[in-house]
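Hi everyone, and thanks for coming. I'd like to walk you through a structure that will be new to most of you, so please have a look at it on the screen.

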Amino acid sequence: MKNRILKSVLCMMLSLTLILTGCSGQSKSNSESTASQSATENTKKDSLMYSILSDIVTLDPVKSNDSTSQYVHYQIFDTLIREEKDGTLVPSLAESWEISEDGKEVVFNLRKNVKFHNGEVMTADDVAFSLNRSIASAFTTKITGAMKSAEVIDENTVKLNMKQAYGAVLGCMSSANVAIVSKKAVEANEEGFARNPIGTGPYKFVEWKNGEKIVLESFQDYFRGEAAIKNLTFKVISDSNTAVVALEKGETDIMDTPPKSARQSLIDNKDLEYYEADQACYYLISFNNEKGIFSDKKLREAVNYAMDRESIIIGALEGVGTPVEAAMVPLVDEYPKDFKANEFNVEKAKQLMAEAGYANGFTVKMKTIDSPTYIKPTEMIQAQLAEIGITVEIEVMERGSWMADVLTNNNYEITFWAIPITVMDPDFATYSAFHSSMINGGGNFARVNIPQLDTLLEKGRASQSKEERAQIYADVCQIIKDESVIVPLFTGRRCIAANKDLTGVVAIPNLKYYVYDWSW
């Protein structure tokens with residue numbers, strides 16, 4: 001009996017030894033590695049909470065051109081050409097393209113078997129319909145102004161007809177404003193499309209609660225493969241300081257345009273990464289040049305002389321910014337490097353006020369957007385204008401209301417705004433903003449109508465010579481300065497803060513963020 005028990009014990013010990021031996025050395029390492037990898041895959045996040053400071057305007061890409069709405073548009077829709085992080089242009093819904101010798105035709109060879117979110121296959125009809133719809137929209141003129149029409153050549157080919165040769169056309173085709181939509185979905189209910197969009201992008205629409213959130217989910221049949229992040233929520237947190245706290249607590253994963261006051265604390269936070277790049281825009285004071293008190297050039301000029309750019313940068317941007325003296329985005333090659341704005345001169349400003357008949361000053365309302373990005377500089381402008389006798393009453397407005405009032409209806413006298421560009425070309429910073437044909441919804445909300453300026457802008461748009469364009473746009477900036485059409489002030493840094501475990505994130509000068517490129 002004892003022998004049987006002893007044998008049993010020995011067998012058990014031997015079995016245990018074999019098991020332990022089998023789990024040691026290389027075998028143990030492989031087993032633990034496999035288990036660890038499996039656990040990591042099972043616990044890896046597949047959702048993203050993206051904090052935005054204001055609600056979007058619409059989910060229809062041809063009915064808005066504001067950057068916040070386009071954050072969402074770039075996830076739902078694809079374009080024929082995609083712009084990468086480094087600015088290179090690569091095939092997307094178009095596999096290739098050819099530009100005619102005279103530059104007036106661009107033929108796109110379409111990718112085959114691309115599906116819309118409703119399961120239907122994208123056709124050349126969808127592409128031509130989308131482009132023509134974009135060309136017809138008043139919101140897209142900065143992108144489509146040189147385009148005439150699109151037509152179907154065959155089931156895999158679409159031709160874009162241009163009004164004139166335009167060197168920036170390929171860059172234009174990477175804009176959300178010319179994203180490809182489902183023709184069937186739009187024609188079935190165009191108004192409803194703005195709340196229930198159908199695109200070919202990596203994410204499909206789930207829900208939009210106004211002022212609260214926009215919810216998207218990954219599209220399993222996306223032609224480039226399903227996104228690593230499956231559930232994407234854009235959460236509206238209008239107070240930037242509250243948004244920072246939410247990021248620090250892990251309630252959100254990424255925040256675009258954090259307030260300058262939080263910059264150092266975000267940089268120092270070991271759980272976050274802080275990314276910066278130069279902005280593809282500049283900030284400015286805009287006047288209604290056509291009607292109201294600032295239709296008087298002397299008063300516009302007085303405001304110009306009253307601006308101390310360095311003080312605004314220190315007071316409103318925590319010193320993180322660069323003065324801009326010409327009406328041009330500094331990142332473009334054609335920016336006139338030696339251009340000088342009117343000097344800061346309070347006495348000269350007061351003299352111009354007196355010459356205009358306002359030696360004792362006047363009161364004016366200044367509309368601005370409910371965001372620190374706009375409120376703080378507006379308050380600095382208010383203080384500086386008080387020095388020359390202009391009393392500014394600031395009207396803080398919700399972003400959508402401000403855009404409707406100022407950008408669309410031009411119902412204002414003076415405001416603070418930015419001119420951003422999505423394509424690194426001087427035409428984008430000038431034609432839409434200052435050509436007289438762009439009055440009434442086209443982008444010229446300053447209502448500028450100067451024939452000489454129109455001629456230069458048309459010439460610059462058509463020219464294929466880099467040297468000639470540089471001189472043209474220097475002349476454009478000079479006219480804008482001479483007429484005090486606007487007051488260029490500064491450019492800042494494009495900033496984005498994110499959870500340190502979120503990979504693929506970089507700050508993009510023109511805000512073309514693709515969540516598809518990110519993962520945990």
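Let's begin with a small piece. Strands S4 and S5 form a hairpin with 5 residues between them. In the turn sits Gly 103, with a positive phi of about 75 degrees. S4 covers residues 94-99 and S5 covers residues 105-110; the two run antiparallel and are joined by 5 bridges. If you'd like one pair to find on your screen, take Glu 98, whose bridge partner in S5 is Val 107.

Before we go on, please keep in mind that this is a predicted model.

Now let's step back to the whole chain. It has 520 residues, and 52% of them count as buried. There are 18 helices and 19 strands. Along its principal axes, the C-alpha trace spans about 120 × 55 × 45 Å. How much of the contact network joins residues at least 24 apart, if we count contacts between residues at least 6 apart in sequence? The share is 68%.

Next, the sheet. A general reminder: strands of a sheet pair through backbone hydrogen bonds, either parallel or antiparallel. Here we have an open sheet of 6 strands with mixed pairing, and the order is S14-S18-S13-S17-S15-S16. Which strands sit at the edges? They are S14, residues 322-323, and S16, residues 390-397, and each of them pairs on one side only. S14 pairs with S18 in the antiparallel sense, over 2 bridges. Pro 323 has Phe 490 as its bridge partner in S18. A helix goes with this sheet too: H16, residues 426-434, lies across S13, S17 and S18. Relative to S17, H16 runs at about 140 degrees.

On to the empty spaces. Rolling a probe the size of a water molecule over the atoms shows where empty space is left. In this structure there are 4 cavities of 30 Å³ or more. The largest holds about 90 Å³ of space. Among the residues lining the largest cavity are Tyr 74, Phe 77, Arg 82, Pro 202, Tyr 222, Arg 224, Tyr 514 and Tyr 516. By type, the lining of the largest cavity divides into 6 nonpolar, 2 polar and 3 charged residues.

The second largest cavity has about 70 Å³ of space. It is lined by 13 residues, and the closest to its centre are Glu 325, Phe 339, Ile 480, Lys 481 and Pro 488. Where does the largest share of the lining of the second largest cavity come from? From helix H18, with 3 residues. H18, residues 466-482, and S18, residues 486-491, each supply at least two residues of that lining. Its residues divide into 8 nonpolar, 2 polar and 3 charged.

Last stop: a single residue, Glu 217, which is in strand S9, residues 213-218. Is Glu 217 buried, partly exposed or exposed? Its relative accessible area is 31%, so Glu 217 is partly exposed. Leaving out residues up to four places away in sequence, Glu 217 touches Pro 202, Tyr 203, Lys 204, Val 206, Lys 230 and Asn 231. Pro 202 is a name you have heard already, as one of the residues lining the largest cavity. For a sense of distance, pick out Gln 351, 134 residues away from Glu 217 along the chain: their C-alpha atoms are separated by 60 Å.

That's my tour, and I'm happy to go back to any part of it. Thanks for listening!

Technical notes:
Residues are numbered from 1 along each chain as its sequence is written. This is a predicted model: local features need pLDDT of at least 70, side-chain atom pairs count only at pLDDT 80 or more; totals for chains, interfaces and linings use all residues. Side-chain values use heavy atoms; hydrogens and water are left out. On a 1 Å grid over the protein atoms alone, a cavity is a set of points where a 1.4 Å probe fits but cannot get out, and a pocket is an open set with protein on both sides within 12 Å along at least five of seven lines; lining residues have an atom within 4 Å of a point. Grid points are joined across faces, edges and corners, and a volume is the space filled by probe spheres set on the points. Ala, Val, Leu, Ile, Met, Phe, Trp, Tyr, Cys and Pro count as nonpolar, Asp, Glu, Lys and Arg as charged, and the others, Gly among them, as polar. Helices (H or I, at least four residues) and strands (E, at least two) are DSSP runs, numbered from the N terminus. Two strands pair if DSSP finds at least two bridges between them. Contact means heavy atoms within 4.5 Å. Axes are lines fitted to C-alpha atoms, for helices over the stretch in contact, and angles run from 0 to 180 degrees between N-to-C directions. Buried means under 20% relative accessible area, exposed over 50%, partly exposed in between (1.4 Å probe, protein chains only).
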